[in-house]
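Dear colleague,

Please find below the structure that I am handing over to you. My findings follow it, arranged by topic.

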Amino acid sequence: EPFVADEYIERLAWRTPGGGSRGGEAFDPKRLLEEFVNHIQELQVMDERIQRKVEKLEQQCQKEAKEFAKKVQELQKSNQVAFQHFQELDEHISYVATKVCHLGDQLEGVNTPRQRAVEAQKLMKYFNEFLDGELKSDVFTNSEKIKEAADIIQKLHLIAQELPFDRFSEVKSKIASKYHDLECQLIQEFTGAQRRGEIYRMREVAAVLLHFKGYSHCVDVYIKQCQEGAFLRNDVFEDAAILCQRVNKQVGEVFSNPETVLAKLIQNIFEVKLQSYVKDQLEEHRKSDAEQYLKNLYDLYTRTTNLSSKLMEFNLGTDKQTFLSKLIKSIFISYLENYIEVEIGYLKSRSAMILQRYYDSKNHQKRSIGTGGIQDLKERIRQRTNLPLGPSIDTHGETFLSQEVVVNLLQETKQAFERCHRLSDPSDLPKNAFRIFSMLVDFLCTEHIDYALETGLAGIPSSDSKNANLYFLDVVHQANTIFHLFDKQFNDHLMPLISSSPKLSECLQKKKDIIEQMEVKLDMGIDRTLNCMIGQMKHILAAEQKKTDFKPEDENNVLIQYTNACVKVCGYVRKQVEKIRNSMDGKNVDTVLMELGVRFHRLIYEHLQQYSYSCMGGMLAICDVAEYRKCAKDFKIALVLQLFDTLHALCNLLVVAPDNLKQVCSGEQLANLDKNILHSFVQLRVDYRSARLARHFS
């Protein structure tokens, strides 16, 4: 611990008797002073003793430092001497090495020509044996020395090619024959080693054959034997992937150029196995079954490209992407050239069959909508006048729209888009996708939806028909659902194929045109349906409303809360409102309900003005309008409710006391109405002719 003087003094005083630090003892300053003096003397003695010891240690340290410095100097001198000796030894070694290298060069200069001469002598000896026609050397007769024989015959073969044919034709043919025999033996040896799985021997033989012309044949044999027993399952693509994976591990241990051998194996698999398999699968259905042909083409092309992706992991040389693409193209080019024509032809026949099967199930003979000048003229007249042109058709409640048909058409088109994406050339993809989309528009939108709209329009009865069944809203509901499905497929499957091409604007415009064309017909059908609804209400009112309802013979004996006509009209309206809500969505519901509400109000307004009202009849009219207003609340349209609130206020004019007419007319709901409207309602009162009432209102 660090030394603290105050604590040291305190401990010294505490140990001294009479120091005053212990409780109960009298303080004795003399004894404490005496103790301090004695302790100081002890400390001085101790200091002197320690100082002497320090001086002694310093002297000893200085002495040892001098000795160490002297020893270091001696070591430095020894190191310098050793370094000089090392330099001398290094120079001597360099001198000797130079002499040895020079001597080695001289020996090599002498030995190399000698070795060449010896080798030339051996070759001349072997050449003489071919000249004599008898091969006696052990290297040619001993089958175990086939490697040395191959090296010799390969060199003799090169020499023989330089010799003139007229003088050495016989020996050249013998050497060539032996060259060929050895080449065959080596290939047989390689084949046997491969069958036995002797990788080391295969590598040896392949290295020897590398300098022979038959090296490529050796590679062919290797590739052929690799495939023996490799394609036994039904999945040729999986077999090919497994085979290439296995060969990839082995080929580097056998050949000096493994990437070339593996590429040649893959090329052989594609051009022989896969091409044959693809041809068998496609040619069977090419002319007889377009659907199966397209499914097989898509499946085979997909599996081939997947196999190609797996093979990209291997080392096949510099541009393996181009190499594999060319192999795929060589297999499928004859099928892909006319793919889109087959696709469009199949889609057309399949779509027509789906529609025809549906109409046949309904026992419906599809009628011709017609085109040309007369039809166009009818269409323009109908759009401007909203008049039904031609006889009304009774559809018996059939909308001639089927979600099953739509789903089938969209499913066929979806598959066509998927095939188009996979099988089309990138430059032709937008164009081909547009053709498929055009087929969808023709069959789904024109042949099915548009035909159903035309039939639905023709089935809408005239507005003065009694008990008319209104099925056009069912057509609207189903068409709306189909439009959502059509739009979803457009966004999910067509847009990714054309999003970055000029065909995008063309497709969007085509879609916009067909939707606008159908919206016009939907609007027209809804408008005529609303007219029919109002016509039905008119029939109900005409049949059920009696003049005596609002001018009863016995004013004091009226037991009903509202008229029978009101009950039936409100019941009918509520059903139609519910049907409209179920048939449409979004803002379309509010738009159609507002139009129906306005027409409903106009009908009731005009209907009420056909009668004269007694006091009790006016009260009954107010009750009817209150019920109509309650019915109008179901519309959930502010404008419609406001119109019926105003009509209810107008009906109050039928019962209010003559003295209060002006006050009622100036009320909040009637103040802004034209005075003629107010006057027309007051005129409906039975007592209007009385001078008093006329005077008050004027």
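Glu 343 and Arg 419 form a salt bridge in this predicted model, with their closest N and O atoms 2.8 Å apart. Because Glu 343 belongs to helix H12 and Arg 419 to helix H14 (residues 403-423), the pair ties together parts that are 76 residues apart in sequence. Glu 343 is buried, with a relative accessible area of 0%. Arg 419 also counts as buried, at 5% relative accessibility.

A salt bridge also joins Glu 341 of helix H12 to Arg 435, and here the closest N and O atoms are 3.0 Å apart. Arg 435 lies in helix H15 (residues 429-459), so this pair connects parts of the chain that are 94 residues apart in sequence. Are these two partners buried, partly exposed or exposed? Glu 341 counts as partly exposed, at 46% relative accessibility, and Arg 435 likewise counts as partly exposed, at 29%.

Helix H12, which spans residues 339-361, contains Ser 351 as well. A polar atom of the Ser 351 side chain lies 2.7 Å from the backbone oxygen of Leu 347. Ser 351 counts as buried, because its relative accessibility is 5% and the limit for that class is under 20%.

Beyond this helix, Asn 363 is found in the loop between H12 and helix H13 (373-385). Asn 363 is not a glycine, yet it has a positive phi of about 55 degrees. With a relative accessible area of 73%, Asn 363 is exposed.

Lys 636 is a further non-glycine residue with a positive phi, in this case of about 60 degrees. Its place is in the loop between helix H20 (615-633) and helix H21 (638-651). Lys 636 counts as exposed, at 69% relative accessibility.

Helix H20 also takes part in a salt bridge between distant parts of the chain.
The side chains of Arg 574 and Glu 627 meet at 3.9 Å, taken from N to O. Arg 574 is in helix H18 (residues 564-583) and Glu 627 is in helix H20, with their positions 53 residues apart in the chain. The two ends of this salt bridge fall into separate accessibility classes: Arg 574 is partly exposed, with a relative accessible area of 30%, whereas Glu 627 counts as buried at 13%.

Salt bridges that share partners also join Glu 189, Arg 196, Glu 198, Arg 201 and Glu 204 into one network. For the structure as a whole, the number of salt bridges is 29.

I turn next to the surface patches.
Which residues form a negative patch on the surface? Asp 513, Glu 516, Glu 519 and Asp 523 do so. Of these, Glu 516 can be placed in helix H17 (residues 503-544). Glu 516 is partly exposed, with a relative accessible area of 39%. This residue can belong to a patch because its value of 39% is over the required 30% relative accessible area.

Helix H17 also holds Leu 508. Leu 508 is partly exposed, with a relative accessible area of 39%. The C-alpha atoms of Leu 508 and Met 495 are separated by 9.6 Å, and the two residues are 13 residues apart along the chain.

A nonpolar surface patch of about 310 Å² is made by Leu 43, Met 46, Ile 50 and Val 54. Among them, Val 54 has its place in helix H2 (residues 29-132). Val 54 counts as partly exposed, at 32% relative accessibility. That value is over the 30% needed for a residue to be part of a patch.

To recapitulate the salt bridges between helices, Glu 343 pairs with Arg 419, Glu 341 pairs with Arg 435, and Arg 574 pairs with Glu 627.

With kind regards

Conventions. Residues numbered from 1 in each chain as written. Predicted model: local features only at pLDDT ≥ 70, side-chain atom pairs only at ≥ 80, totals over all residues. Heavy atoms only, no water. Patch = residues over 30% accessible without salt bridge, like charges linked within 9 Å, V, L, I, M, F, W, Y side chains within 5 Å. Areas by Shrake-Rupley, 256 points an atom, 1.4 Å probe, with all protein chains shown as cover. Salt bridge = Lys/Arg side-chain N within 4 Å of Asp/Glu carboxyl O. Lys, Arg positive; Asp, Glu negative; His and termini not counted. Charge placed at Lys NZ, Arg CZ, Asp CG, Glu CD. Helix = DSSP H or I, 4+ residues; strand = E, 2+ residues; numbered from the N terminus. Buried < 20%, exposed > 50% of the residue type's maximum accessible area, 1.4 Å probe, protein only. Polar contact = N/O pair within 3.5 Å; in protein donor to acceptor, adjacent residues only side chain to side chain.
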